[in-house]
Amino acid sequence: MAEPRLRCDVAVVGAGPAGLAAARAAAALGAAVLVLDAQPAVGGQVWREDALHGLPARAASARSALQALGVRVLTQAEVVGCAGNRLFVHAAQAAVAIDYDALVLATGARELLLPFPGWTLPGVTGAGGAQALAKQGWPLRGLRAVVAGSGPLLLASAATLRRHGARVVSIHEQAPAAAVSGFALGLWRWPGKAAQALQLRAGLWRSRYLAGSHVLRALGDERLEAVEVRCGARSRTIACDLLACGYGLVPNVELAQALGCALDGAPHPQVRVDGLQRSSVDGVFAAGEACGVGGVDCAALEGRIAGLAAAGDAAGAGALSPRRERARRFAASLQRHFALHDGLRRLAAPDTLVCRCEDVPLAALDGCAGAREARLAARCGMGACQGRICGTALAEMGRFPRDGLRSPIFPVPLEVLARFGDAPPPDPPIGVTT
């Protein structure tokens with residue numbers, strides 16, 4: 001049976017700030033736009049709909065604008081493969097093929113998690129993961145939470161946990177106090193960011209914020225009971241029910257790799273783009289965190305540039321380049337001031353699990369020269385996440401880089417995969433909306 005077919009002028013993969021901005025810009029120029037996203041609703045990770053507090057205002061405004069412009073949105077849809085100007089999509093147990101003239105990759109980023117003893121205990125999550133769970137209705141009222149890791153995401157995560165009833169005991173930033181102060185003092189160049197930081201910190205005035213502090217281990221038998229942290233030369237144990245620990249974000253570039261787009265950077269590559277957000281592949285654009293982590297405002301601006309360029313308005317896109325450069329300067333400041341120190345890469349003990357999907361301890365990788373050998377010898381990276389968590393962590397730890405791309409891009413049931421075969425010519429454009 002042939003898969004359902006859709007046709008559009010501009011396909012946008014990702015419905016976060018970058019994807020929504022790209023879709024809006026392209027549709028405003030008259031392009032037929034189709035947006036795909038793996039989540040049940042638009043907004044991405046940063047604008048995820050909150051079970052208690054609804055959709056953020058900016059996301060709601062963007063959704064209304066797309067509806068007014070007639071943009072088609074396909075949610076709960078993952079791109080599992082591509083060929084030429086065609087995407088193969090797994091959507092609600094269906095196989096869907098999408099043909100496009102131009103493609104905007106707004107695939108965002110995922111958390112960087114570094115293994116430490118006890119990090120697999122129930123009650124330990126990433127900082128962004130805890131935020132997502134809270135918004136999805138995870139019961140938090142009365143829980144004692146410790147937030148740790150690096151970057152502004154820690155304050156945002158702590159604020160979300162507090163908003164949902166958790167008691168945030170303390171926030172531990174691995175960057176030294178001088179680096180955090182230097183970053184804060186430079187925020188006058190970006191007044192909006194400064195105001196946001198002050199608002200977040202003011203809402204967390206009861207929670208201790210400790211720079212130059214990081215997690216050593218999580219403690220507990222059946223679940224998390226406490227966390228041991230180091231602050232300077234001293235360590236102490238903090239009783240808690242929840243540990244949210246994340247070390248920044250890593251661009252999602254798997255689809256870009258599958259399309260043949262050139263990538264830059266190590267150990268975590270990003271999509272190489274020019275001033276109009278064009279990738280090295282003709283007709284393929286990229287925007288937002290996939291091009292390097294820069295924050296929501298940078299992502300939205302780059303999405304707008306990509307959408308305009310994808311719809312043929314190169315002049316309009318080019319006019320926004322100075323604003324993009326300014327936004328990227330903020331991203332560079334962020335990366336410089338919150339650079340991870342080497343001690344974080346050496347926290348895992350020999351018996352610490354590094355691949356949670358396959359229960360592979362760090363010691364099992366001794367002697368493995370690369371990711372392929374680690375898969376063959378120890379099944380590291382063979383689980384459902386396809387090495388996205390352990391592979392990224394091991395690359396950050398200097399063990400070995402992730403090697404190549406595995407297909408399909410995301411796991412897909414065989415009965416759905418079997419429906420991707422020879423297909424008839426595309427049908428005329430039809431609408432799929434949420």
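How far is the sulfur of Cys 357 from the closest cysteine sulfur, and in which residue does that closest sulfur lie? I will start there, and please keep in mind throughout that what we are looking at is a predicted model. The closest cysteine sulfur to that of Cys 357 belongs to Cys 385, and the two are 4.0 Å apart, which is too far for a bond. A disulfide is a covalent bond between the sulfur atoms of two cysteines. Because a pair is counted as a disulfide when the two sulfur atoms are within 2.5 Å, the 4.0 Å between Cys 357 and Cys 385 does not qualify. Cys 357 itself is partly exposed, with a relative accessible area of 40%.

Staying with cysteines for a moment, the structure as a whole holds zero disulfides. Cys 240, for instance, is in no disulfide, and the cysteine sulfur nearest to its own, that of Cys 245, is 11 Å away. Cys 240 counts as buried, at 0% relative accessibility.

Let me now step back to the overall layout. The domain assignment divides the protein chain into domain 1, which is made of residues 5-110 together with 250-335, then domain 2, covering 115-246, and domain 3, covering 348-397. Between domain 1 and domain 2, the C-alpha centres lie 29 Å apart, and the two are in contact through 15 residues of domain 1 and 13 residues of domain 2.

Both of these domains also take part in the second largest pocket, since each of domain 1 and domain 2 gives at least three residues to its lining. The space in this pocket is about 570 Å³, and its lining consists of 24 residues, with Arg 58, Asp 297, Ala 300, Leu 301 and Arg 323 lying nearest the centre. The elements that contribute two or more residues to that lining are the helices H1 (17-28), H2 (57-69), H6 (191-203), H8 (296-310) and H10 (321-337). Which of the helices provides the largest share of the lining? That is H1, with six residues. In character, the lining divides into 14 nonpolar residues, seven charged ones and three polar ones.

Next, I would like to turn to helix H4, which runs over residues 153-163 and whose buried residues are Leu 154, Leu 155, Ser 157, Ala 158, Thr 160 and Leu 161. What do these buried residues pack against? Their partners are two helices, H3 (127-135) and H6, together with the strands S9 (144-149), S10 (167-173), S11 (208-211) and S15 (242-246). After H4 comes Gly 165, which has a positive phi, near 100°.

From there, let us look at some individual positions in loops, beginning with Gly 123, which sits in the loop between strand S7 (109-111) and strand S8 (124-125). Is Gly 123 buried or exposed? With a relative accessible area of 12%, Gly 123 is buried. If we leave aside its neighbours within four places in sequence, Gly 123 is in contact with Arg 223, Leu 224, Asp 241, Leu 242 and Leu 243. For one of these partners, Leu 224, the C-alpha atom is 5.3 Å from that of Gly 123, although the two residues are 101 residues apart along the chain.

The loop between strand S3 (72-74) and strand S4 (77-83) holds Thr 75, which counts as buried at 15% relative accessibility. The C-alpha atoms of Thr 75 and Leu 242, which are 167 residues apart along the chain, are separated by 31 Å. Gln 76 also lies in the loop between S3 and S4, and this residue has a positive phi of about 50° although it is not a glycine. Gln 76 is partly exposed, with a relative accessible area of 47%.

Another residue other than glycine with a positive phi is Arg 379, where the value is near 65°. Arg 379 is placed in the loop between helix H11 (371-378) and helix H12 (390-396), and at a relative accessible area of 41% Arg 379 is partly exposed.

I will finish with the backbone at Pro 267, found in the loop between strand S17 (263-264) and strand S18 (270-271). The peptide bond leading from Ala 266 to Pro 267 is cis, with omega near 5°.

Notes. Residues are numbered from 1 along each chain as its sequence is written. This is a predicted model: local features need pLDDT of at least 70, side-chain atom pairs count only at pLDDT 80 or more; totals for chains, interfaces and linings use all residues. Side-chain values use heavy atoms; hydrogens and water are left out. On a 1 Å grid over the protein atoms alone, a cavity is a set of points where a 1.4 Å probe fits but cannot get out, and a pocket is an open set with protein on both sides within 12 Å along at least five of seven lines; lining residues have an atom within 4 Å of a point. Grid points are joined across faces, edges and corners, and a volume is the space filled by probe spheres set on the points. Helices (H or I, at least four residues) and strands (E, at least two) are DSSP runs, numbered from the N terminus. Ala, Val, Leu, Ile, Met, Phe, Trp, Tyr, Cys and Pro count as nonpolar, Asp, Glu, Lys and Arg as charged, and the others, Gly among them, as polar. Domain bounds come from an automatic or database domain assignment. Buried means under 20% relative accessible area, exposed over 50%, partly exposed in between (1.4 Å probe, protein chains only). Contact means heavy atoms within 4.5 Å.
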